[in-house]
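Please open the model in your viewer and keep the selection tool at hand, as this tour moves from one side chain to the next.

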Amino acid sequence: MTITFLLNSFVHIIMYSYYTLAASGPRYQKCLWWKKYVTVIQMVQFVIMIVHAIHVIYIDCSYPKVLMWITLINASIFLILFSHYFFGSRKSNV
């Protein structure tokens with residue numbers, strides 16, 4: 001489970017760095033070419049969390065399976081929501 005916490009922290013550092021630059025005014029907004037990659041990184045995080053949860057559910061370990069099922073469901077829902085946002089915003093930019 002530590003890997004998901006570390007991964008989540010890394011993703012939040014990237015995400016809040018983007019938000020800080022976006023809120024800093026037009027002078028810094030030209031540096032925001034990587035906006036779409038923030039969402040992609042978040043979706044990759046959810047895929048890793050899903051794979052990790054499935055792995056822990058099906059191996060014999062002492063970690064509570066119910067927590068992994070909650071993680072699996074939560075990450076799946078977020079992956080679906082972020083995918084809808086990502087692909088929906090790409091269609092509107094065409």
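Begin by selecting Phe46, which is buried, with a relative accessible area of 9%. Keep in mind as you look that this is a predicted model.

Next, add Phe78 to the selection; at 35% relative accessibility this residue counts as partly exposed, because the partly exposed class lies between the buried limit of 20% and the exposed limit of 50%.

How should you describe what you see between two rings? A pair of aromatic rings is described by the distance of the centres and the angle of the planes. In the whole model the count comes to 8 aromatic pairs. One of them is formed by Phe46 and Phe78, a stacked pair with 5.6 Å from centre to centre and 15° between the planes. This pair links distant parts of the chain, since Phe46 sits in helix α3 (residues 35-58) and Phe78 in helix α4 (residues 65-92), 32 residues apart.

Leave Phe46 selected and add Phe82, with which Phe46 forms an edge-to-face pair, 5.1 Å centre to centre and with 65° between the planes. Here too distant parts of the chain are linked, with Phe46 in helix α3 and Phe82 in helix α4, 36 residues apart.

Stay in helix α3 and select Ile48, which is found there and which, at 35% relative accessibility, counts as partly exposed. If you then add Ile3, you will find that the C-alpha atoms of Ile48 and Ile3 are separated by 9.4 Å, although the two residues are 45 residues apart along the chain.

For the last stop, select Tyr16, Tyr18, Tyr19 and Trp34 together, which ring pairs link into a cluster.

Conventions: Residues are numbered from 1 along each chain as its sequence is written. This is a predicted model: local features need pLDDT of at least 70, side-chain atom pairs count only at pLDDT 80 or more; totals for chains, interfaces and linings use all residues. Side-chain values use heavy atoms; hydrogens and water are left out. Rings of Phe, Tyr and Trp (its six-membered ring) pair if their centres lie within 6.5 Å; planes under 30 degrees apart count as stacked, over 60 as edge-to-face and the rest as tilted. Helices (H or I, at least four residues) and strands (E, at least two) are DSSP runs, numbered from the N terminus. Buried means under 20% relative accessible area, exposed over 50%, partly exposed in between (1.4 Å probe, protein chains only).
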